[in-house]
Amino acid sequence: MSETAKSHPDADEESTTEETTTEATTDADDATPVTDGATAIVRALENGGVEHAFGVQGGAIMPVYDALWDSDIEHITMAHEQGAAHAADAYGVVANEPGIALATSGPGATNLVTGIADANMDSDAMLALTGQVPSDMVGSDAFQETDTTGVTMPITKHNWFASSADSIGDTVGEAFALSESGRPGPTLVDLPKDVSFEETDTEPGEPELPAGQEPPTTADQENVEEAARAIERAEKPLLLLGGGVIKAEASETARAFAREHGIPVVTTMPGIGTYPEDDDLCLSWAGMHGTGYANMAITHTDCLIGVGTRFDDRLTGGIDTFAPEAEVVHIDIDPAEISKNIHADYPCIGDAGTVLDQLTEEMDREPDAREWREQCQTWKEEYPMDYSVDKDAPLRPEFIVEAFDEATDDDTIVTSGVGQHQMWASQYWEFTEPRTWVSSHGLGTMGYGLPATIGARFAADDDQDVVCFDGDGSFLMTIQELSVAVRENLDITVAVLNNEYVGMVRQWQDAFFEGRHMASEYNWMPEFDKLAEAFGAKGWRVNDYDEVADTVEAALDYDGPSVIDFHIDPDANVYPMVASGAPNGKFALSEDQL
């Protein structure tokens, strides 16, 4: 079971002070006193409103775990530290607050690294707390010692090595605040065991940003005016919404901007859900496996308004051929992203929602884009996302994704591992809400799906479904976390799209390596339905189309973790596809077009 803190009796109401006493003071009076570094750490988390944390116990982090015993923070023990990092990451994505991951020193900390790097690439708010050997042993190659701050410096917004129990609580508070501010990302505090044990009665304050770290909010007004004029004179404007729009809670603002000015919308993969895909203006997501119509729109737009996107290579294809006819307006809170990959003719540095509001106030008229909107609709008809079904042939993965979409509500949270299954899930699920698509984008971490599903489940509302699409190779990498889902009786459904390959590798081998399937054939996979049952979950195996709908319904109705092992067509490929470095408009719809 999860290690939920034991509660303390409330203070006698008759002994409370006047109503003018602040809530924070009352909370502090009721809480366990700060007596050492570890209790200061936990108090800092409580001050940040932390309700859940994910981790694995161990020697150097034991004082912090001991302090959690008397906290209301619910700790979820994961089967592996990588799982803890991915769960914390996904929890933060869904809950819109930093996820918390804990690990001990040495291998515990290094096992977090993949998850920290993943959060860093996707700008996900997460705070990692790692145990460390005692201060006087640092640098001596002590048992389970690793230079954790050195290892994680390149993959965190900032990290700290705690040196004093008196300051450790405020340091953790700073790390928490920095993680979610501006462009979010992971932070880390390394906690030597002696500092966690060291006595202190210093109460940490509310989480505050380090001095000088306040992010920009409003963009330079002159730049906004120039961007507004460019949009007004455009004949083929296009709004490109990235994951930063979701981070900024600016999806509604972006939707209003697009509708008010009649501008078609494409998203990036991390931006899925910013704009409802059932809206006439939406062209879905663009890039390597984006829709043909989204990529055609990017290729032919004369004014691209990029919001909260870093223009990564999976979106742009060849830099020189990306949006070749367009003036580029780039709105981003991180100045480092401006003109890093794609030159910004009109840079607007600031909060996504605030800058879009600035643009709306500045614009005097809508762009004349009626013919452009008609052209975008024509591309939708020319390059539809469809597929053929032969009931006598192996299962099509697209059919399975659509079956789940039809059986669930719009607010269902969809998670995924990484590979072909990730692409099919993002292509054939019709997303309408932000924070309902949770996946590994920048780092592309196989194994992300199941632990992320656990984190998402803890953050989701009780009445929300949480569905994970995974591949056989990706699922096997972190399948041990199924034991956590069973222990916690989590209502999650995992759909394994099992083709007995590392499918995306196999697809590339067929296209570019003359079909040599070196190390990509996975015909040695276990029977996942039986393995699920061994863990204590509910398992099904599905081979036929006639079984899909009933099994999907049964799995969704099951109150607990369930796994469906769908045996799909091993030759199924993901299209459209833009070859690496190729122009977006030269997307292939079949292998012979690559």
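Let me start with helix H17, residues 420–428, which lies across S13, S14, strand S15 (466–471) and strand S16 (493–498), and which runs at about 140° to S15. Before I go further, please keep in mind that this is a predicted model, so what I describe today is computed from predicted coordinates.

The strands under discussion belong to an open sheet of six, in the order S14-S13-S15-S16-S18-S17, and the pairing in this sheet is parallel. Its edges are formed by strand S14, residues 437–438, and strand S17, residues 538–542, each of which pairs on one side only. If we look at the S14 edge, strand S13, residues 413–416, is joined to S14 by two bridges, with the two strands running parallel. One pair to find on the screen there is Val 414 with its bridge partner in S14, Trp 437.

Staying with this sheet, I would like to bring in helix H23. Which residues of H23 are buried? They are Tyr 545, Val 548, Thr 551, Val 552, Ala 555 and Leu 556, and what covers them includes helix H16 together with S15, S16, S17 and strand S18, the last of these spanning residues 562–567.

That takes us to the packing of helices. In general, two packed helices are described by the angle between their axes and the distance between the axes. For helix H16, residues 397–407, and helix H23, residues 545–557, the axes come within 10 Å and cross at roughly 40°. Angles from 35 to 65 degrees fall in the oblique class, and H16 and H23 are therefore oblique to each other. Their crossing is right-handed. From the H16 side, Phe 399, Ala 403, Phe 404 and Ala 407 meet Tyr 545, Val 548, Val 552 and Leu 556 of H23. Sorted by class, this contact has eight nonpolar residues, no polar ones and no charged ones. Tyr 545, Val 548, Val 552 and Leu 556 have thus come up twice, being buried in H23 and taking part in the contact with H16.

A second helix pair can be described in the same terms. Helix H4, residues 81–95, packs with helix H18, residues 449–459, at an angle of about 40°, and their axes are 7 Å apart. H4 and H18 are therefore oblique to each other, and the crossing of this pair is right-handed. On the H4 side the contact is made by Gly 83, His 86, Ala 87, Ala 90, Tyr 91, Val 94 and Ala 95, while H18 brings Pro 451, Ala 452, Gly 455, Ala 456, Phe 458 and Ala 459. By class, the contact of H4 with H18 has ten nonpolar and three polar residues, and no charged residues.

Let me now turn to strand S6, residues 186–192. How many of its seven residues are buried? The count is seven of seven, so that the strand is mostly covered, in the wording used here. Pro 186, Leu 188, Asp 190 and Pro 192 point one way from S6, whereas Thr 187, Val 189 and Leu 191 point the other way, and all are buried. Strand S4, residues 126–132, pairs with S6 in the parallel sense over seven bridges, and within that pairing Gly 131 has Leu 191 of S6 as its bridge partner. Strand S5, residues 158–161, also runs parallel to S6 and is joined to it by four bridges, with Trp 160 standing opposite Val 189.

S6 and S4 also appear in the surroundings of helix H2. This helix, residues 37–47, is mostly covered, with nine of its eleven residues buried, namely Gly 37, Ala 38, Thr 39, Ala 40, Ile 41, Val 42, Arg 43, Ala 44 and Leu 45. These buried residues pack against helix H3 (62–68), strand S3 (99–103), S4, helix H7 (165–180), S6 and helix H8 (193–197). Just after H2, Gly 49 takes a positive phi of about 80°.

Finally, there is an open sheet of six strands with parallel pairing in the order S9-S8-S7-S10-S11-S12. Its edge strands are S9, residues 282–285, and S12, residues 346–349, each pairing on one side only, and neighbouring strands are turned by 15° against each other on average, direction ignored. Strand S10, residues 303–307, and strand S11, residues 327–332, run parallel and are joined by five bridges, among them the one between Gly 306 and His 330. Helix H14, residues 352–362, lies across S10, S11 and S12, at about 135° to S11.

How values were computed: Residues numbered from 1 in each chain as written. Predicted model: local features only at pLDDT ≥ 70, side-chain atom pairs only at ≥ 80, totals over all residues. Heavy atoms only, no water. Pairing = 2+ DSSP bridges. Contact = heavy atoms within 4.5 Å. Axes fitted to C-alpha atoms, helices over the stretch in contact; angles between N-to-C directions. Parallel < 35°, antiparallel > 145°, perpendicular 65-115°, else oblique. Left-handed = near helix turned anticlockwise from the far one by under 90°. Nonpolar A, V, L, I, M, F, W, Y, C, P; charged D, E, K, R; others polar. Buried < 20%, exposed > 50% of the residue type's maximum accessible area, 1.4 Å probe, protein only.
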